[in-house]
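Hello,

Here is the structure I promised to pass on to you. Have a look at it first, and then read my notes below.

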Amino acid sequence: MPIHLIRTDRGVHFPNLGAKLSCMIVLHVDDDPDDSALFCEAVKEAAPSYTCLVADSAASALEILSDRQNIPDYIFLDINMPGMDGWETLANMKSSPDPVI
């Protein structure tokens, strides 16, 4: 089961995360929920101990990466997204003051 980003008026969080995860974290960034679900199912089958985080947009991914508590070990980024596409997202990740890439 993927862990989805939840936005509230108090910021962004992941349900049931609470603290730093002790496992490998995979972030899947894709505007298609079916693709994200299939991807996370494949991750769980291949590596049951991994946690799959899902961002439905580039903005969501950048918010996830700004929370330095659970930086993903792997990021899978859809290139063809509305708004900020994958290439722009990658450039933004690389140019941040504390880049994760």
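Let's start on the surface: M24, Y74 and F76 form a nonpolar patch of about 270 Å². A patch joins residues with over 30% relative accessible area and no salt bridge (a side-chain nitrogen of Lys or Arg within 4 Å of a carboxyl oxygen of Asp or Glu), and nonpolar side chains (Val, Leu, Ile, Met, Phe, Trp, Tyr) are joined within 5 Å, like charges within 9 Å. Areas come from the Shrake-Rupley method with a 1.4 Å probe, and for residues only the protein chains shown count as cover.

This is a predicted model: local features need pLDDT of at least 70, side-chain atom pairs count only at pLDDT 80 or more, and totals for chains, interfaces and linings use all residues. Residues are numbered from 1 along each chain as its sequence is written, and side-chain values use heavy atoms, leaving out hydrogens and water.

M24 sits in the loop between β3 (11-13) and β4 (25-29); strands are DSSP runs of E, at least two residues, and helices runs of H or I, at least four, numbered from the N terminus. M24 has a relative accessible area of 31%, so it is partly exposed (buried is under 20%, exposed over 50%, partly exposed in between).

F76 belongs to strand β6 (residues 74-77) and is partly exposed too, because its relative accessibility is 40%. F76 and H28 are 48 residues apart in sequence, yet their C-alpha atoms are 4.9 Å apart.

Happy exploring!

How values were computed: Buried means under 20% relative accessible area, exposed over 50%, partly exposed in between (1.4 Å probe, protein chains only).
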